[in-house]
Amino acid sequence: MKSFLALEYAHDTALPDGVDSEFRTPNALVERFLAEYTDPGDRVLDPFAGFGTTLAVAERLDRTGYGIEYDADRLRHAREAVSDDDRVRHGSVLDLDPSWVPTCDCCFTSPPFMERTDTRNPFENYAGESTYDDYLDDVERAFSRVESVLVPGARVVVDVSNMKHDGRVTTLAWDVADRVSNVLHFDGEVVVGWTAGEDGDHGEGTFGYGYDHSYCLTFTKPTA
Ligand SMILES: C[S@@+](CC[C@H](N)C(=O)[O-])C[C@H]1O[C@@H](n2cnc3c(N)ncnc32)[C@H](O)[C@@H]1O
């Protein structure tokens, strides 16, 4: 795969009115990576399932999606997006146990984001408190739980962005790459340039985090 992609920031499936879906992953991005890294029949994990984008795209491509989601409302939507409710578990990836999901062949996911100066804990849906360093510890812990339910050689794609707010940059993508590299082999990043699609841009040519591009960090679970 090329290390640069240009995609329209658009969704081809709708959510019910009133549901805040601003930061849902565009289907086309998931499609690109699942087509590249998986085969029909493979099991695909999304430990931050959100509205079920990865799981729905996996099913559309004849793969089987398994997910974990912390937020009860999003869980409901994710379950509606797949043919079997039991494949989306309500819980925290930090507690992920191998009994929750079968061994998976690939992981495509996007974790909750945090700005360096924020004090709310994204891993508790911004309810509790956290520092940025604690957040990065949790990122590493989450992916070590993910690693435990993957086949050796499985590819892991983490969709993240740096964040620019009020002139301050949080190098989230690079910090996540660094911490996940402690548990999985880092293969490199694919830069995703976003063009405004039917959802429009989010002001000043950005797609939501102060930039017009994001990163898909790609990793492999070592075979030995
Ligand atoms: C960036 S969003 C994922 C969006 C998703 N790709 C989609 O298209 O809907 C991150 C998700 O992680 C969930 N989350 C936050 N903390 C979690 C945790 N500890 N375990 C599992 N999911 C969590 C959030 O509720 C949110 O839905």
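Here is a short chat about a predicted model, going from a strand to a helix and then to the nonpolar cores.

Visitor: Let's start with strand β5, residues 104-109. How many of its 6 residues are buried?

Guide: Strand β5 is largely enclosed by the rest of the structure. That is because the buried ones among its 6 residues number 5.

Visitor: Which strand is joined to β5 by 5 bridges?

Guide: β5 has a parallel partner in strand β2 (residues 43-46), but 2 bridges join that pair. There, leucine 45 stands opposite cysteine 107. The 5 bridges, also in a parallel pairing, lead to residues 150-160, which is strand β6.

Visitor: And which residue in β6 is the bridge partner of cysteine 106?

Guide: Cysteine 106 sits within β5, residues 104-109. Across in β6, its bridge partner is arginine 155.

Visitor: Which helix makes a β-α-β unit with β5 and β6?

Guide: The two strands run parallel. The unit they make with the helix is right-handed, and the helix covers residues 132-147, so to speak by its label, α4.

Visitor: Now for helix α2. Is threonine 54 buried or exposed?

Guide: Threonine 54 is found in α2, residues 53-60. Leaving out residues up to four places away in sequence, it touches Val30, Leu34, Val44, Asp46 and Phe108. Its relative accessibility is 3%, and buried means under 20%, so threonine 54 counts as buried.

Visitor: What covers the buried residues of α2?

Guide: The residues in question are Thr53, Thr54, Leu55, Val57 and Ala58. Their cover includes α1 (27-37), β2, β3 (64-69), β4 (88-90) and β5.

Visitor: Which residue just after α2 takes a positive phi?

Guide: Helix α2 spans residues 53-60. Just after it, a positive phi of about 65° turns up at aspartate 62.

Visitor: Where does the largest share of the largest nonpolar core come from?

Guide: The largest nonpolar core has 57 residues, and Leu29, Phe33, Tyr135, Phe143 and Val176 have the most contacts inside it. Its largest share is 7 residues, and they come from α4.

Visitor: What is tyrosine 135 in contact with, leaving aside neighbours within four places in sequence?

Guide: Tyrosine 135 is one of the residues with the most contacts inside the largest core. With those neighbours set aside, its contacts are Pro112, Phe113, Met114, Pro122, Phe123, Ser130, Leu172 and Val176.

Visitor: How many residues are in the other core?

Guide: This one lies apart from the largest core. Among its members are Leu55, Leu75, Val82 and Val88, and its size is 6 residues.

Note on methods: Residues numbered from 1 in each chain as written. Predicted model: local features only at pLDDT ≥ 70, side-chain atom pairs only at ≥ 80, totals over all residues. Heavy atoms only, no water. Buried < 20%, exposed > 50% of the residue type's maximum accessible area, 1.4 Å probe, protein only. Helix = DSSP H or I, 4+ residues; strand = E, 2+ residues; numbered from the N terminus. Pairing = 2+ DSSP bridges. Right-handed = clockwise from strand over helix to strand, strands pointing away. Contact = heavy atoms within 4.5 Å. Core = buried A, V, L, I, M, F, W, Y, C linked by side-chain atoms within 4.5 Å.
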